[in-house]
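Reader: I want to go through some charged pairs and one helix, and hear what each label rests on. Please set each value against its cut-off.

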Amino acid sequence: MNDLSHLAARLRTLAPSCGPVRLIAVDGHAGSGKSTFASRLAALLDDAPVLHLDDLASHESFFTWVDRLREQVIEPLSRGECAHYAPYDWTARTFAAPRSLSPAPFVLIEGVGAGRRALRPHLARLLWMDLAAAESWERGRRRDGPALSAFWDGWTAAEAEHFSADPSRSHADALVRQLPMGYEWLERPDTAAGVNYSVTERDPLVSPY
């Protein structure tokens, strides 16, 4: 196959990991392309819902959202129930009205820290966007512009501290690398004999973020 359907087909063989749900985490540095990749993969998994961790973080606490994620999302899904979580409005600096998240066969969780140790027992697969921190952060800064420079200064320090204490890459089932057209990924030996897979998109990437 010449697109991400190859990867989607492999994921379809996984057993549920959280009640009836197969939770697929897409982790990596800010600016590494997690959102675009997760969106494209979700479309091939019957339009699977995608939970963006930006909706759980806030200005006051970038990474202290584990309890809310567990209570609002993980526990309901594990019972086969619809989850409800309050997304954070980064402009208004307040949490908005709750959104629902159905216990679909696949649910993707994308964002920095999606593969942290507290979540790994509930995951069917952990995918890591394999782009170095410095390059990822530079992409993010270019995307957001100089107005958010101070925010990025604080974010990068917090992210570096998070991954130092709770790394995800070393626990990933596969490393995903963005190519000029599409992606390639390297799966761990215990998941696919360490085989390199390359896939290309039928049309160009709309955005690298």
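Reader: What makes arginine 10 and glutamate 187 a salt bridge?

Author: A salt bridge is a side-chain nitrogen of Lys or Arg within 4 Å of a carboxyl oxygen of Asp or Glu. The closest N and O atoms of arginine 10 and glutamate 187 are 2.9 Å apart, so the pair meets that definition. Arginine 10 belongs to helix H1 (residues 5–11) and glutamate 187 to strand E10 (residues 183–187), so the bridge ties together parts 177 residues apart in sequence. Helices (H or I, at least four residues) and strands (E, at least two) are DSSP runs, numbered from the N terminus.

Reader: What are the limits of the model behind this?

Author: This is a predicted model, in which local features need pLDDT of at least 70 and side-chain atom pairs count only at pLDDT 80 or more, while totals for chains, interfaces and linings use all residues. Residues are numbered from 1 along each chain as its sequence is written, and side-chain values use heavy atoms, with hydrogens and water left out.

Reader: Why is glutamate 187 called buried?

Author: Buried means under 20% relative accessible area, exposed over 50%, and partly exposed in between (1.4 Å probe, protein chains only). Glutamate 187 has 8% relative accessibility, so it counts as buried. Its partner arginine 10, at 27%, therefore counts as partly exposed.

Reader: How do you know that arginine 177 and aspartate 130 form a salt bridge?

Author: Their closest N and O atoms are 2.9 Å apart. Arginine 177 lies in strand E9 (residues 174–178) and aspartate 130 in the loop between E8 and H4, so this pair ties together parts 47 residues apart in sequence. Aspartate 130 has a relative accessible area of 19%, so it is buried, whereas arginine 177, at 30%, counts as partly exposed.

Reader: Where do arginine 70 and aspartate 67 lie?

Author: Both are in helix H3 (residues 66–78), 3 residues apart, about one turn of the helix. Their closest N and O atoms are 2.9 Å apart, and they form a salt bridge. Arginine 70, at 31%, is partly exposed, and so is aspartate 67, at 48%.

Reader: How many salt bridges are there in the whole structure?

Author: The search finds 12. Arg116, Arg117 and Asp166 are linked in a network of them.

Reader: How do you know that the span of helix H5 agrees with its length?

Author: The expected span is 1.5 Å times one less than the number of residues. For the 17 residues of H5 (residues 149–165) this gives 24 Å, and the end C-alpha atoms are 25 Å apart, which agrees. Its buried residues include Trp152, Trp155 and Phe163.
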